[in-house]
Amino acid sequence: MQQKILEFTNILRKSGIRVSTAEAIDAFRALDELPIDQRAVFKDALRTTMVKRGEEVSAFNELFD
């Protein structure tokens with residue numbers, strides 16, 4: 001799972017969404033506390049930790065899906 005999250009982080013970066021290393025670490029920490037088998041919770045946790053600007057939300061959602 002960690003490799004997939006790192007790959008997704010790189011996809012976000014290539015799409016212009018700036019995700020810092022600290023934010024990626026925050027995503028891992030959040031996912032340690034949440035049930036990853038619940039897709040909506042998983043997606044919300046990643047979006048909350050990786051997206052800083054409202055205008056990036058739609059791009060994040062597209063890429064996640």
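In the predicted model, Glu56 makes contact with Gly16, Ile17, Arg18 and Val51, residues up to four places away in sequence not being counted. Glu56 lies in the loop that joins H3 to helix H4 (57-64). Its relative accessible area is 9%, and Glu56 is therefore classed as buried, the cut-off for this class being under 20%.

Helix H2 comprises the 13 residues 21-33. At 1.5 Å a residue, a span of 18 Å is expected for H2, and the C-alpha atoms at its ends are 19 Å apart, so the two values agree. Five residues of this helix, Glu23, Ala24, Ala27, Phe28 and Leu31, are buried. These residues cover an arc of only 150 degrees around the axis and are therefore placed on the same side of H2. Such an arrangement can be related to helix geometry: an α-helix has 3.6 residues a turn, so residues three or four places apart point the same way. On the other side of H2, the residues Arg29, Asp32 and Glu33 are exposed.

The buried residues of H2 pack against two helices, H1 (2-14) and H3 (39-50). For the first of these pairs, the axes of H1 and H2 come within 11 Å and cross at roughly 140 degrees. H1 and H2 are therefore oblique to each other, since an angle must be over 145 degrees to count as roughly antiparallel. The crossing of H1 and H2 is right-handed. On the H1 side, the contact is made by Gln2, Ile5, Leu6, Thr9 and Arg13, and on the H2 side by Thr21, Ala24, Phe28 and Leu31. Ala24, Phe28 and Leu31 thus appear both among the buried residues of H2 and in the contact with H1.

Two further helical positions were examined for accessibility. Asp26 is located in helix H2. Its relative accessibility is 36%, so Asp26 counts as partly exposed, a class that lies between the cut-offs of 20% and 50%. The C-alpha atom of Asp26 is separated by 17 Å from that of Phe60, a residue 34 residues apart from Asp26 along the chain.

Thr48 is located in helix H3. With a relative accessible area of 63%, Thr48 is exposed, because this class begins over 50%. Thr48 and Leu34 are 14 residues apart along the chain, and their C-alpha atoms are separated by 13 Å.

How values were computed
Residues numbered from 1 in each chain as written. Predicted model: local features only at pLDDT ≥ 70, side-chain atom pairs only at ≥ 80, totals over all residues. Heavy atoms only, no water. Helix = DSSP H or I, 4+ residues; strand = E, 2+ residues; numbered from the N terminus. Expected span 1.5 Å × (residues − 1). Buried < 20%, exposed > 50% of the residue type's maximum accessible area, 1.4 Å probe, protein only. Arc of directions from axis to C-beta. Contact = heavy atoms within 4.5 Å. Axes fitted to C-alpha atoms, helices over the stretch in contact; angles between N-to-C directions. Parallel < 35°, antiparallel > 145°, perpendicular 65-115°, else oblique. Left-handed = near helix turned anticlockwise from the far one by under 90°.
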